[in-house]
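Hi,

Here is the structure I promised to pass on. Have a look at it first, and then read on for what turned up.

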Amino acid sequence: FEGDGDDMDAPIKSVSTDSALKESREVSSVNSINVGRVLAQVVHYIWTYLQVVKQEELPTSTEIDFAVPCGALGNVTAGMVAKQMGLAIRKMLCGTNVNDIFHRAISKGDFKRHPEMKRTLSEAINIQVPYNFERILFLASGGDTARVRDWMAK
């Protein structure tokens, strides 16, 4: 395989969204393009929250902050789902590197892939096309698919 992680994700997304192929070949994915992985990560937030409130002897209604790396955005998506399920999360702090599409998209409305991905020491977040971005927009919009479609078209 030649290319970067984003180049590899394009065929994975194509296969993951092809219902006929998935049924005929029993194909699945274990990265966060699969919502099952994202849902499993929700458990990490709940477990961590319970450990923090226990260790710090806080009331279980205390809101806490989470800081996570942002690559494909599965971890952030899981945090948003956990919060919507009622977990007392005050803030999600998202770490990025020079391949900062998430920051650019949120702060400037720029969701364009750079011509070249820059290699960094934070290989897991060397991503320019985070496949959970649409899920984040869906969650942030209250499930408004028309609004997400409109945002993604711009």
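A quick term before we start: two strands count as paired if DSSP finds at least two bridges between them. Keep in mind that this is a predicted model.

With that in hand, look at strand β1 (residues 64-69) and strand β2 (residues 89-95): they run parallel and are joined by six bridges. One example to click on is A67, whose bridge partner in β2 is L93. Helix α4 (residues 74-84) belongs to this picture too, since β1, α4 and β2 make a right-handed β-α-β unit.

Next, the cysteines. How many disulfides are there? The count comes to zero. C70 is in no disulfide, and the nearest cysteine sulfur, that of C94, is 3.6 Å away. C94 is likewise in no disulfide, with the sulfur of C70 as its nearest at 3.6 Å. A disulfide needs the two sulfur atoms within 2.5 Å, so at 3.6 Å the pair C70 and C94 does not qualify. As for their surroundings, C70 is buried, with a relative accessible area of 5%, whereas C94 is partly exposed at 33%.

Last, empty space. Searching the whole structure turns up one cavity of 30 Å³ or more, and the largest cavity holds about 40 Å³ of space. C70 shows up again here: the lining consists of C70, G71, L73, T96, N99, D100, I101, F102 and I127. By type, that lining divides into five nonpolar residues, three polar and one charged.

Cheers

Methods:
Residues numbered from 1 in each chain as written. Predicted model: local features only at pLDDT ≥ 70, side-chain atom pairs only at ≥ 80, totals over all residues. Heavy atoms only, no water. Helix = DSSP H or I, 4+ residues; strand = E, 2+ residues; numbered from the N terminus. Right-handed = clockwise from strand over helix to strand, strands pointing away. 1 Å grid on protein atoms, 1.4 Å probe; cavity = no way out; pocket = protein on both sides within 12 Å on 5 of 7 lines; lining within 4 Å. Points joined across faces, edges and corners; volume = space filled by probe spheres on them. Nonpolar A, V, L, I, M, F, W, Y, C, P; charged D, E, K, R; others polar. Buried < 20%, exposed > 50% of the residue type's maximum accessible area, 1.4 Å probe, protein only.
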